[in-house]
Amino acid sequence: MFAGRIDGVGPRYCPSIEDKINRFAERDRHQLFIEPEGWNTVEIYVNGFSTSLPEEVQYEALRNIVGFENVKMFRPGYAIEYDFFPPTQLNYTLETKQVQNLFFAGQINGTTGYEEAACQGLMAGINAHQKTRKLEPVILKRSDAYIGVLIDDLISKGTNEPYRMFTSRAEFRTLLRQDNADLRLTELSYRLGLASQERMEKVQAKKTGVEKIKQVLKDFSVEPEEINSYFLSVNSSPITEKQKAQKILLRPDVELDEFADALPRLREALAEFAKDTIEQASIQVKYDTYIQKEKDLVQRMSQLENLEIPETFDYQKISSLGNEAREKLTKIKPRTLGQASRISGINPSDVQILMVFMGR
Ligand SMILES: Cc1cc2nc3c(=O)[nH]c(=O)nc-3n(C[C@H](O)[C@H](O)[C@H](O)COP(=O)(O)OP(=O)(O)OC[C@H]3O[C@@H](n4cnc5c(N)ncnc54)[C@H](O)[C@@H]3O)c2cc1C
């Protein structure tokens, strides 16, 4: 495979040892994880040493590793190659455009990874069901879930190498959090008959609770003398005149739960709310500016669609770009920022970095 007799593109994110030696030639060490295959066997899996080199080369290479001088090899490593259907031939429901009622999910769509396969299976399954029942398709937006980002990337950009989901592929990273997954997706799940009534009611109560807490924080005034000793204890600067709790919460060293512990009046005002509801409200207040900023940035990015990138632009010099982005931008040389953003593997975060380097 490495000699070029097979020209398929390997998965970038789990390269073979020969690939690593080639791509990261400047490194002088590499970590291997030695994983026992079971309690009752001497067999171990050498994680970090995947290879498709000839068997005798593998054996010799292993014996060159300190500690492995007398190693025995049960089975050599091998490469696999598989084909895929360009995912641009799919609808957002994962039904193929060519053949009605045929849904594709997983590796067949050019992805690599367990979660990538699993989430597509879920969406294809849901949509196949919806279709047979003549119900509305279920499509997650990029701002709803990472699943939405993955499917949108595949369908609108296609892929020329095994696709892996990264948080950096999403422009709404501060919206797509673990802590708000229940608020984002339970209602849909309930409508589909997946989440129970009880679960739905819990989420609804949490949602209302969060709004109520945010209002409490907005209205709640704090006097310097009742809070300054707390500020001192968390290395936060004291206040000189009264301030709203909402504003105080914006301080990075102030956590709502501790803050309320230090201020009985506030604890009392929050008494009726569950711990996770308080935590959620606190996160929403703290992140508000960031979320707003993120929305503005996305807006700005779309306005800069036609911004021209000079032909002589040297991507290799921008160390903040990832390897993948540098490689692809150098190869494709996009003319505009918009074109750069549509290259498979170029993430919103890469486009933001380019914007900075182009003085925007
Ligand atoms: C050695 C190795 C290590 C990996 N390590 C990781 C890892 O650490 N983390 C990670 O996230 N991903 C890893 N992956 C990738 C991950 O396993 C795959 O991306 C994922 O399993 C793909 O799921 P899938 O359902 O699309 O395909 P598959 O799991 O391949 O499922 C396809 C199924 O279809 C069946 N099938 C094929 N043809 C037919 C037919 N004609 N009729 C009926 N059935 C058929 C097959 O038997 C198979 O069960 C690894 C892959 C390999 C090979």
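Which residues does Leu32 touch, not counting residues up to four places away in sequence? The points below address this and other features of the model, which is a predicted one.

1. Surroundings of Leu32. Leu32 is found in the loop between α1 (17-23) and β1 (33-36). Setting aside residues up to four places away in sequence, Leu32 touches Val46, Asn47, Gly48 and Phe49. Leu32 counts as partly exposed because it has 14 C-beta neighbours inside 10 Å. With respect to Leu304, Leu32 is 272 residues apart in sequence and 44 Å apart in space, C-alpha to C-alpha.

2. The ligand shell. The residues that surround the ligand are Ile80, Gly106, Gln107, Thr112, Gly113, Tyr114 and Ala117. By class, the shell around the ligand consists of three nonpolar and four polar residues, with no charged residue.

3. Thr111. Thr111 is placed in the loop between α2 (55-63) and α3. Leaving aside neighbours within four places in sequence, Thr111 is in contact with Gly106, Glu116, Ala117, Pro162 and Tyr163. Two of these contacts, Gly106 and Ala117, also appear among the residues surrounding the ligand. Thr111 counts as buried because 24 C-beta neighbours lie inside 10 Å, and the cut-off for that class is 20 or more. The C-alpha atoms of Thr111 and Glu81 are separated by 13 Å, and these two residues are 30 residues apart along the chain.

4. The largest nonpolar core. This core has 20 residues, and those with the most contacts inside it are Leu94, Met123, Tyr146, Ile147 and Leu150. Two elements, α3 (114-132) and α4 (146-157), give two or more residues to the core. The most is given by α4, with six residues. Outside the range of four places in sequence, Leu150 touches Glu116, Cys119 and Met165. As general background, nonpolar side chains tend to be buried together in soluble globular proteins.

5. The second core. A separate core of 14 residues is also present. Its members include Ile248, Leu263, Leu266 and Ala281.

6. Packing of α5 against α6. The axes of helix α5 (residues 181-191) and helix α6 (residues 197-219) come within 10 Å and cross at roughly 145 degrees. The crossing in which α5 passes α6 is left-handed. On the α5 side, the contact is made by Asp182, Leu183, Thr186 and Tyr190, and on the α6 side by Arg199, Met200, Val203 and Lys207. Sorted by class, the contact of α5 with α6 has four nonpolar, one polar and three charged residues.

7. Lys134. Although Lys134 is not a glycine, it has a positive phi of about 55 degrees. Lys134 is found in the loop between α3 and α4, the two helices that give two or more residues to the largest nonpolar core. Lys134 counts as exposed because it has 6 C-beta neighbours inside 10 Å, where the limit for that class is 12 or fewer.

8. Lys333. A positive phi, of about 45 degrees, is also found at Lys333, which is not a glycine. Lys333 lies in the loop between α12 (323-332) and α13 (337-341). Lys333 is classed as partly exposed because 14 other C-beta atoms are within 10 Å.

Key:
Residues are numbered from 1 along each chain as its sequence is written. This is a predicted model: local features need pLDDT of at least 70, side-chain atom pairs count only at pLDDT 80 or more; totals for chains, interfaces and linings use all residues. A residue is near a molecule or strand if its C-beta atom, placed from the backbone, lies within 6 Å of it. Ala, Val, Leu, Ile, Met, Phe, Trp, Tyr, Cys and Pro count as nonpolar, Asp, Glu, Lys and Arg as charged, and the others, Gly among them, as polar. Axes are lines fitted to C-alpha atoms, for helices over the stretch in contact, and angles run from 0 to 180 degrees between N-to-C directions. Helices (H or I, at least four residues) and strands (E, at least two) are DSSP runs, numbered from the N terminus. A crossing is left-handed if the near helix is turned anticlockwise from the far one by less than a right angle, and right-handed if clockwise. Two residues are in contact if their C-beta atoms, placed from the backbone, lie within 7 Å. A nonpolar core is a set of buried Ala, Val, Leu, Ile, Met, Phe, Trp, Tyr and Cys residues joined through C-beta atoms within 7 Å.
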